[in-house]
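Let's work through a few exercises together. Have a go at each task before you read its solution.

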Amino acid sequence: MCTGRGWLATLAGVPSLFRRKSADLVEEPVTPVTTDEASAARTRGYTPAKGRETPKRPGAGRRPTAPARPLTKEEAREQRRKARAEAAAEFRREGGPRDRGPERRLARDVVDSRRTVGTWFFGGALIVLIGSNQAMPAVVRLVSNIVWGALALGLVVDSILICRKIGKLVRERFPRSGERMGSLYLYAIMRSITFRRMRAPAPQVAIGDKI
C-alpha cells in the first residue's frame, strides 16, 4: 500500500497529457503597424488605455469667471447717456441710410458750398408771425407781409437754382445713375432750409468752395 507521499511522487513522474510541449508552440506572426495606420486608428476611435493620463481640455483647470456685478441705477443711466451721445455723434458724422450714395453726397456739397435763403426762412417766419398780430400798427403788419412774401419768393428761386445745378452735375458725373431726381431735389431743399450747424451729416465743404 502506497503512502500519500509516494503517490504524489508517482504522479510527478508521469508526463501530463494536458501540458503543451515547447515544440508544439507556434509563434504567431506579428504584423508591424506603420505610423500612418496607427494615427488613422486613433482618429477613428481612440480611447486611451487604462493607467494612461487622459488628455485635458484647454479650459480645464481654469477658474470660472465671476458673474458680472449688476449695474446701479446711476451707472445704467450713465451708460445709456453715453450710448445716445455716441449714436448722435455717429449720425452727425456719417448720417443715416437716406444719406448714402455719391449722388446724395454731391447734393450735400452743392448746398453746403453756398448761402441759402432757406436758413433765414424760419427766422423770418417768426418775425412775420409777431408782426402780423392785430395789436401791431398797420405799417408793421404791412412790412411783415412784405418780408414774408420776399422770403417765400427767395426760397423758391434759390431752390430752383440749387436743383438745376444738382441735376447738371449728376448728369455729368453720374450718367448711369439710378437715383430718382425728384427725391434728390427734395433732399437738397430740405437741407437748404436747415441751419448749417444742425445739418447731418456735417458739411464737408466750406462756403464758396467750388464743387
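The exercises below go from the whole chain down to single residues and a pocket.

This is a predicted model, where local features need pLDDT of at least 70, side-chain atom pairs count only at pLDDT 80 or more, and totals for chains, interfaces and linings use all residues. Residues are numbered from 1 along each chain as its sequence is written, and side-chain values use heavy atoms, with hydrogens and water left out.

**Exercise 1.** Find out how many helices and strands the protein has.

*Solution.* Start with the definition: helices (H or I, at least four residues) and strands (E, at least two) are DSSP runs, numbered from the N terminus. Counting gives 7 helices and 0 strands. Read from the N terminus, the order is α-α-α-α-α-α-α.

**Exercise 2.** Work out what the mean pLDDT of the protein is.

*Solution.* pLDDT is the predictor's confidence in each residue, from 0 to 100. Here the mean is 76, and 66% of the residues reach 70 or more. Next, look at residues 16–28: their pLDDT is below 50, and beyond near neighbours in sequence this stretch has 1 contact (heavy atoms within 4.5 Å) in the model. Where pLDDT is low, don't read the predicted coordinates in detail.

**Exercise 3.** Decide whether Ser113 is buried or exposed, then look at what surrounds it.

*Solution.* First, place the residue: Ser113 sits in the loop between helix H4 (102–112) and helix H5 (121–131). Now apply the cut-offs: buried means under 20% relative accessible area, exposed over 50%, and partly exposed in between (1.4 Å probe, protein chains only). Ser113 has a relative accessible area of 8%, so it counts as buried. Setting aside neighbours within four places in sequence, Ser113 is in contact with Val205, Ala206, Ile207, Gly208, Asp209 and Ile211. Its side chain also reaches the backbone oxygen of Val110 at 3.0 Å.

**Exercise 4.** Do the same for Ala200: is it buried or exposed?

*Solution.* Ala200 lies in the segment after helix H7 (181–192). With a relative accessible area of 16%, Ala200 is buried. Then check the C-alpha atoms: those of Ala200 and Gly95 are separated by 5.6 Å, though the two are 105 residues apart along the chain. For the whole protein, buried residues make up 20% of the 211 residues.

**Exercise 5.** List which residues line the largest pocket.

*Solution.* The lining is Arg114, Arg115, Thr116, Thr119, Trp120, Phe195, Arg196, Arg199 and Ile207. A pocket is an open set of points on a 1 Å grid over the protein atoms alone, where a 1.4 Å probe fits, with protein on both sides within 12 Å along at least five of seven lines; lining residues have an atom within 4 Å of a point.

Terms used. Polar contact = N/O pair within 3.5 Å; in protein donor to acceptor, adjacent residues only side chain to side chain.
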